[in-house]
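The following report describes selected local features of the structure shown below. Backbone geometry is treated before aromatic contacts, helix packing and internal space.

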Amino acid sequence: GAAPAGRGATWAPPRYDAEHTESAFLTRRALEWLERELDARGGAAAGDPWCAHLSYLRPHPPYVVPAPYNDMFDPAQVPAPVRRADPKAEAELHPFVAAALGIVASPPDRVDQDQLRATYYGMIAEVDHQLGVLVDGLAERGQLDDTLLIVTSDHGEQLGDHWLIEKLGFFDQSFRIPLIVRWPAMTGAPGRTVDAFTENVDVMPTILELCGGEPPAFCDGASLRPFLDGELSGPEAPPRWRTAVHTEYDFRMPTSRAVEELLGIRQDQCAVSVLRDRSGKYVQFAGGLPPLFFDLDDDPAELNDLAADPAMAPRLLRY
């Protein structure tokens, strides 16, 4: 049926209920697998090591979630999107953004835009609930106090910011992701929020070190153990820790000529590299497309490109 008053296009729940989501299925299967593993090894007390990588697909398009999560958040209460005045103004930021607005534009109607956020928050809450089921299942099987838990993601979501949805390009919304680490042997106070720079390449050396191994010398990442052993929080970091993060995005479409037609570059030139530190973000495109530079101190929303500003030239060259 139609959505109630004040609710938008993505409010409607699917035909299945919350017990039959992808997340619920994965959680059930994971705990069943663990039960079999423990039984085969002589029970939970045997102490044999095990490892599981659970790939929760949600939250992710399509933007739909069953009750009660679809109505858990009020669209009238969600934060406003961060963006320029209208899509035309946003498109003027860069040819790449103009092209993206023709492919993954956010809903033009404000109620639908706000509902998109409310629905997505509901999708997050549904996965969060299933992670709780998983943690409870570990506790019931006597494994919680001997298990390293890491929750992270492969990308973010524009969710209407910059008039875009899904993930792409160079904006923080697509690349800033969650990272939660729970290690029972941690000596630092739990529940701290750390604001230091980290990258996905830090996850593997962290796991290896915490499990008693040694990360290979060729690792680009570094173990996060200093944050777990110490009381570091906020932007604090150990000596010689990274002062910037790096992202790359390959936007070629091998089955389509759309990018070549829109931007006038070859498939192998469909690449963007980003260097982002506390105060600035430098975005470099291949194929002769112009770079971008954002002064994050004055413009944290990434609305004003300063790459062509002569006064910025020395700073731009450093990046």
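Arg240 is placed in the loop between helix 7 and strand 3, where helices (H or I, at least four residues) and strands (E, at least two) are DSSP runs numbered from the N terminus. Although Arg240 is not a glycine, its phi is positive, at about 65°. Its relative accessibility of 86% makes Arg240 exposed; the classes are buried for under 20% relative accessible area, exposed for over 50% and partly exposed in between, with a 1.4 Å probe and protein chains only. The model is predicted, so local features need pLDDT of at least 70 and side-chain atom pairs count only at pLDDT 80 or more, while totals for chains, interfaces and linings use all residues. Residues are numbered from 1 along each chain as its sequence is written, and side-chain values use heavy atoms, with hydrogens and water left out.

Leu159 also has a positive phi without being a glycine, here near 55°. Leu159 sits in the loop between strand 1 and helix 5 and is buried, at 8% relative accessible area. Most residues other than glycine have a negative phi, and most peptide bonds are trans. The loop between helix 1 (22-40) and helix 2 (87-91) contains Pro59, and the Arg58 to Pro59 peptide bond is cis, with omega near 0°. Pro68 is found in the loop between helix 1 and helix 2 as well, and is joined to Ala67 by a cis bond with omega of about 5°.

Aromatic rings of Phe, Tyr and Trp (its six-membered ring) pair if their centres lie within 6.5 Å; planes under 30 degrees apart count as stacked, over 60 as edge-to-face and the rest as tilted. The count by this rule is 14 aromatic pairs, including the two edge-to-face pairs below.

| Pair | Distance between ring centres | Angle between planes |
|---|---|---|
| Trp33 and Trp50 | 6.1 Å | 70° |
| Phe227 and Trp241 | 5.0 Å | 80° |

Trp33 belongs to helix 1 and Trp50 to the loop between helix 1 and helix 2, so their pair ties together parts 17 residues apart in sequence. Trp33 is partly exposed at 28% relative accessible area, and Trp50 is partly exposed at 22%. Phe227 in helix 7 and Trp241 in the loop between helix 7 and strand 3 are 14 residues apart, and both are buried. One aromatic cluster is formed by Phe96, Phe170, Phe171, Tyr249, Phe251, Phe285 and Phe294.

In helix 6 (residues 203-210), Val203, Pro205, Thr206 and Leu210 are the buried residues. Viewed down the helix axis, these residues fall within an arc of 165°, so they line one face of helix 6; the arc is that of the directions from the axis to the C-beta atoms. Their cover includes strand 1 (149-152), strand 2 and helix 7, where contact means heavy atoms within 4.5 Å. Gly212, just after helix 6, has a positive phi of about 90°.

On a 1 Å grid over the protein atoms alone, a cavity is a set of points where a 1.4 Å probe fits but cannot get out, and lining residues have an atom within 4 Å of a point. Grid points are joined across faces, edges and corners, and a volume is the space filled by probe spheres set on the points. The structure holds 1 cavity of 30 Å³ or more. The largest cavity encloses about 50 Å³, and its lining consists of Tyr16, Thr21, Glu22, Arg58, Val64, Val65, Pro66, Met123 and Glu126.

Definitions and conventions:
1 Å grid on protein atoms, 1.4 Å probe; cavity = no way out; pocket = protein on both sides within 12 Å on 5 of 7 lines; lining within 4 Å.
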